[in-house]
Amino acid sequence: MATAETQIDNGIFRVTKWTIEPNDAIPMHVHEFEYVVVPLVNDSMRVLNSDGSEIVAEIRLGESYTRPAGAEHTVINRGANTIEFVEIEKLL
């Protein structure tokens, strides 16, 4: 399973560094809050949505993106390299 390192959790923001090794995944989960992802690598990852659809997400070092609350998915690393990104959740 992927590893999560909580860096900040102050009641306003939760900042988590995620590391996904090759052939590993973040299990199915629902995002309670709006969030921003800051990739730490150039790579691609598979996102399997709760409705069964799957997309390939191309991530680029430092090119942040945001997603709304309610997103429900699994994130899978099917590549040969470790994927790392920082997730910033807006709790308020």
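**Close-ups of strand β4 and its sheet**

**View 1. Val 38 and its partner across the strand pair.** Val 38 stands opposite Val 86 in β9. Please keep in mind as you look around that this is a predicted model. Another facing pair to find here is Tyr 35, which sits opposite Glu 89 of β9. The two strands involved, β4 (residues 35-39) and β9 (residues 83-90), run antiparallel and are joined over 5 bridges.

**View 2. The other neighbour of β4.** Here we turn to β7, which pairs with β4 over 3 bridges, again in the antiparallel sense. For a place to start, pick out Val 36: its bridge partner in β7 is Thr 66.

**View 3. Two faces of β4.** Which side chains of β4 are buried, and which are not? Follow the strand and you will see the side chains alternate. Tyr 35, Val 37 and Pro 39 are buried and point to one face. Val 36 and Val 38 point to the other face and are not buried.

**View 4. The sheet around β4.** Stepping back, we meet an open sheet of 5 strands with antiparallel pairing, in the order β1-β2-β9-β4-β7. At its edges lie β1 (3-9) and β7 (65-67), each pairing on one side only. Neighbouring strands of this sheet are turned against each other by 25° on average, direction ignored. Within that order, β4 sits between β9 and β7, the two strands met in the views above.

Methods: Residues are numbered from 1 along each chain as its sequence is written. This is a predicted model: local features need pLDDT of at least 70, side-chain atom pairs count only at pLDDT 80 or more; totals for chains, interfaces and linings use all residues. Side-chain values use heavy atoms; hydrogens and water are left out. Two strands pair if DSSP finds at least two bridges between them. Helices (H or I, at least four residues) and strands (E, at least two) are DSSP runs, numbered from the N terminus. Axes are lines fitted to C-alpha atoms, for helices over the stretch in contact, and angles run from 0 to 180 degrees between N-to-C directions. Buried means under 20% relative accessible area, exposed over 50%, partly exposed in between (1.4 Å probe, protein chains only).
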